[in-house]
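Visitor: I would like a close look at a single part of this structure, taken slowly and with its surroundings explained. Could you guide me through one residue and then outward from there?

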Amino acid sequence: MAMQGSLSGLLSAARSGVALSQRAYTTSASEAASVVYTGHYKITQTRSAIGVPKSTIKVLKSLGLGHRIGRPVFQPQTPIAAGKILKVKEMVKIENMPGPMPAEGYQRARATKGYKVVGKMM
Amino acid sequence: MFGAFRASSISQGGLLWKARMKMDLSPTQKANIRKRLKAADDVVKKIHDSGVQCNALTKAMAEPTEAQMPAKDKYTVFSRTFKGYRKSVHKVPHFSKVPIPRTAPAGF
């Protein structure tokens with residue numbers, strides 16, 4: 001695709017700083033083991049999955065999305081999660097959260113109830 | 001269309017088209033296309049900022065951003081069958097949530 005020589009292709013290569021003939025393979029085991037990414041992604045679905053190809057829906061589900069638009073999901077910052085997010089980037093918005101995911105998970109912010117249950121008859 | 005008769009849904013074989021037959025998009029449609037392109041750019045940028053490396057990110061970074069795209073690439077896509085080899089992007093099914101190529105083959 002980048003070899004076509006169109007003007008937009010040249011601009012995009014300049015933007016990324018990657019030579020037109022270069023492909024970056026970064027999936028060797030030693031490289032993956034040595035690099036540790038801190039932080040995690042907060043991923044929110046912004047579009048419905050209706051009409052979207054089945055392969056994309058599978059990726060959404062593997063990320064934990066697909067239930068409700070606007071409900072955030074958290075994934076560690078790994079190449080696996082990054083590749084999944086890039087597949088669905090038109091339907092999703094993300095934030096970079098510093099630090100690891102909390103062990104207890106994120107609780108949905110709810111208003112305090114005006115009562116406390118002290119017992120049940122049933 | 002058919003001689004002296006006005007084109008209506010009945011006269012066009014009883015079929016109903018929901019997309020406009022015209023090629024031009026309204027200013028609102030164009031603004032929303034730009035907004036969605038910027039949102040997708042933002043996702044790529046955030047993943048790049050996180051420091052993760054993967055082939056999908058390399059390919060995504062090689063594509064032009066919304067600011068670098070000419071208007072023709074934003075609002076039309078390459079098509080083998082259309083006159084002029086370009087069709088309006090709104091004719092692509094689910095174009096608002098399906099990845100659209102940001103560059104066309106050279107010369108088209």
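**A buried glutamine and its surroundings**

Guide: In this predicted model, A:Gln77 is buried, because its relative accessible area is 5% and anything under 20% counts as buried. Along the sequence, A:Gln77 belongs to the loop that joins strand β2 (72-76) to helix α4 (79-87) of chain A. Its side chain makes a polar contact with the side chain of A:Asn96, at 3.1 Å. When residues up to four places away in sequence are left aside, A:Gln77 touches A:Tyr37, A:Thr38, A:Gly39, A:His40, A:Tyr41, A:Asn96 and A:Met97 in chain A, and also B:Ser50 and B:Val52 in chain B.

From this loop we can step back into strand β2 of chain A, where A:Phe74 is found. A search of the whole structure finds 3 aromatic pairs over all chains, and in one of them A:Phe74 and A:Tyr106 are stacked, with 3.9 Å from centre to centre and 20° between the planes. This pair links distant parts of the chain, since A:Tyr106 lies in the segment after β3 (92-97) of chain A, 32 residues apart from A:Phe74. A:Tyr106 is partly exposed, with a relative accessible area of 39%.

The wider setting is chain A, which has 4 helices and 3 strands, arranged along the sequence in the pattern α-α-β-α-β-α-β. Of the 122 residues in chain A, 25% are buried. Among the contacts in chain A with a separation of 6 or more, 73% are between residues 24 or more positions apart.

Chain B, which supplies two of the residues that A:Gln77 touches, also has a helix to follow here, namely α1 (residues 27-49). At 1.5 Å a residue, its 23 residues should span 33 Å, and the end C-alpha atoms are 32 Å apart, which agrees. The buried residues of α1(B) are B:Ile33, B:Leu37, B:Ala40, B:Asp41, B:Val43, B:Val44 and B:Ile47. An α-helix has 3.6 residues a turn, so residues three or four places apart point the same way. The buried residues of α1(B) pack against β1 (40-45), α4 and β3 of chain A, together with α2 (55-62) and α3 (71-75) of chain B. After α1(B) comes B:Gly51, whose phi is positive, near 90°.

Technical notes:
Residues numbered from 1 in each chain as written. Chains lettered and ligands numbered in written order. Predicted model: local features only at pLDDT ≥ 70, side-chain atom pairs only at ≥ 80, totals over all residues. Heavy atoms only, no water. Helix = DSSP H or I, 4+ residues; strand = E, 2+ residues; numbered from the N terminus. Buried < 20%, exposed > 50% of the residue type's maximum accessible area, 1.4 Å probe, protein only. Polar contact = N/O pair within 3.5 Å; in protein donor to acceptor, adjacent residues only side chain to side chain. Contact = heavy atoms within 4.5 Å. Phe/Tyr/Trp six-rings, centres within 6.5 Å; stacked < 30°, edge-to-face > 60°. Expected span 1.5 Å × (residues − 1).
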